[in-house]
Amino acid sequence: MSGKLSGKVAIVTGGAGGFGKGIAEKFTQEGAQVIIADFVEEAGQKTASELKCEFQRCNVTSRQDWESLVKFADEKFGKIDIVINNAGTTYRNKPTNDVTDEDFDKVFAVNVKAIYYSANVIVPYMQKKGNGGSFVTIASTAGIRPRPGLTWYNASKAAVINATKTMAVEYAKDNIRFNSVCPVVGLNTGLSDLFLGKPENEKIFMASVPLGRGSTPKDIANACAFLCSSEADFLTGIDLPVDGGRCV
Ligand SMILES: NC(=O)c1ccc[n+]([C@@H]2O[C@H](COP(=O)([O-])OP(=O)(O)OC[C@H]3O[C@@H](n4cnc5c(N)ncnc54)[C@H](O)[C@@H]3O)[C@@H](O)[C@H]2O)c1
């Protein structure tokens, strides 16, 4: 590893498993001090001790939990350089008329409102420190090239791609960069089977990816590490598909 994140302090939400765990692992290997923020305590603690990073219980839909997270990071490391907004949720792929109020509210609380809280709580902290920063939103190809059966999940990801671009422009003056990473469906993470709906859809879906496979935690982690490193100092406001050519 090149140590490209050496000396950086990074928060990774939803880091207990899936893409988030892959991101926490890569960032640790690249020299960052990582805080995994997740609402599942046992799995979060386990991942953190495996990767030798910190864990803080945080429900990303709670402003109070975001405030406690900043306090924890500040007391432990005295700064926050990177925020990876990875925690996300969906309902199982189904006809849009079958979506319930509960499905809708959950998707928008975790996928959209949490990003609002992250910025609302951490941007003022970064501005006060005056050293810039880097936010990455784990969005989805669903936010760029939506497919049927996931209307409100797709819309939640489109919303955060847009919000991420807006904040990129607004906070460029503070050298706080905002980018999105847009994975195509992955195969072995917690949400994968909910996106596919039924197992027989996997083959059909993979046939639509030019490079012929789903995304892996490593693919997503590599993109995030690049975007948060000094190699990407001049990149802000982009939504980077990590999708084997699916969105072309
Ligand atoms: N898996 C895919 O195919 C895929 C494709 C495109 C985008 N994404 C996006 O990637 C991100 C990660 O997905 P994944 O498949 O790794 O999911 P996952 O279910 O494996 O992991 C998500 C993590 O987020 C945590 N989490 C969920 N709600 C939370 C909350 N309210 N507060 C704190 N933590 C919470 C979970 O405990 C879990 O550890 C999501 O934003 C998802 O929308 C996933």
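## Cavity

Ala, Val, Leu, Ile, Met, Phe, Trp, Tyr, Cys and Pro are classed as nonpolar, Asp, Glu, Lys and Arg as charged, and the others, Gly among them, as polar. On this basis the lining of the largest cavity has three nonpolar, two polar and three charged residues. The model is a predicted one, in which local features need pLDDT of at least 70 and side-chain atom pairs pLDDT 80 or more, while totals for chains, interfaces and linings use all residues. Residues are numbered from 1 along each chain as its sequence is written, and side-chain values use heavy atoms, without hydrogens and water.

One cavity of 30 Å³ or more is present in the structure. A cavity is a set of points on a 1 Å grid over the protein atoms alone where a 1.4 Å probe fits but cannot get out; lining residues have an atom within 4 Å of a point. The largest cavity has a volume (space filled by probe spheres set on the points, which are joined across faces, edges and corners) of about 50 Å³. Its lining consists of Lys79, Ile80, Asp81, Tyr125, Met126, Lys129, Asn131 and Gly132.

## Overall form

Eight helices and seven strands make up the secondary structure of the protein (DSSP runs, H or I of at least four residues and E of at least two, numbered from the N terminus). The radius of gyration over C-alpha atoms is 17 Å, which agrees with the value near 18 Å for a compact globule of 248 residues (2.2 Å times the number of residues to the power 0.38). Along the principal axes, the C-alpha atoms fill a box of roughly 50 × 40 × 40 Å.

Of the 248 residues, 49% count as buried (under 20% relative accessible area with a 1.4 Å probe, protein chains only; exposed is over 50%, partly exposed in between). Among contacts (heavy atoms within 4.5 Å) between residues at least 6 apart in sequence, 69% join residues at least 24 apart.

## Nonpolar cores

The largest nonpolar core (buried Ala, Val, Leu, Ile, Met, Phe, Trp, Tyr and Cys joined through side-chain atoms within 4.5 Å) has 32 residues, and Trp66, Ile80, Ile122, Phe135 and Phe178 have the most contacts inside it. Two or more residues come from each of strand 2 (33-38), helix 3 (63-77), helix 4 (101-129), helix 5 (151-170) and strand 6 (176-183). Helix 4 gives the largest share, ten residues.

Beyond four places in sequence, the contacts of Phe135 include Val83, Ile122, Met126, Ile176 and Phe178. A second, separate core has 27 residues, among them Phe27, Val34, Ala48 and Cys228.

## Pockets

A pocket is an open set of grid points with protein on both sides within 12 Å along at least five of seven lines. The largest pocket has a volume of about 1,100 Å³. It is lined by 47 residues, of which Gly88, Tyr153, Leu191, Ser192 and Phe195 are the closest to its centre. The lining divides into 24 nonpolar, 17 polar and six charged residues. Helix 1 (18-29), strand 2, helix 4, helix 5, helix 6 (192-196) and helix 7 (201-206) each supply at least two of the lining residues.

The second largest pocket holds about 190 Å³. Lys8, Asn131, Gly133, Arg177 and Asp233 are the closest to its centre among 13 lining residues. By class, that lining has two nonpolar, seven polar and four charged residues.

## Positive phi

Lys52, not a glycine, has a positive phi of about 60 degrees. Lys52 sits in the loop between helix 2 (41-51) and strand 3 (54-57), and counts as exposed because its relative accessibility is 73%.

For Asn175, phi is also positive, near 55 degrees. This residue lies in the loop between helix 5 and strand 6; with 48% relative accessibility, Asn175 counts as partly exposed.
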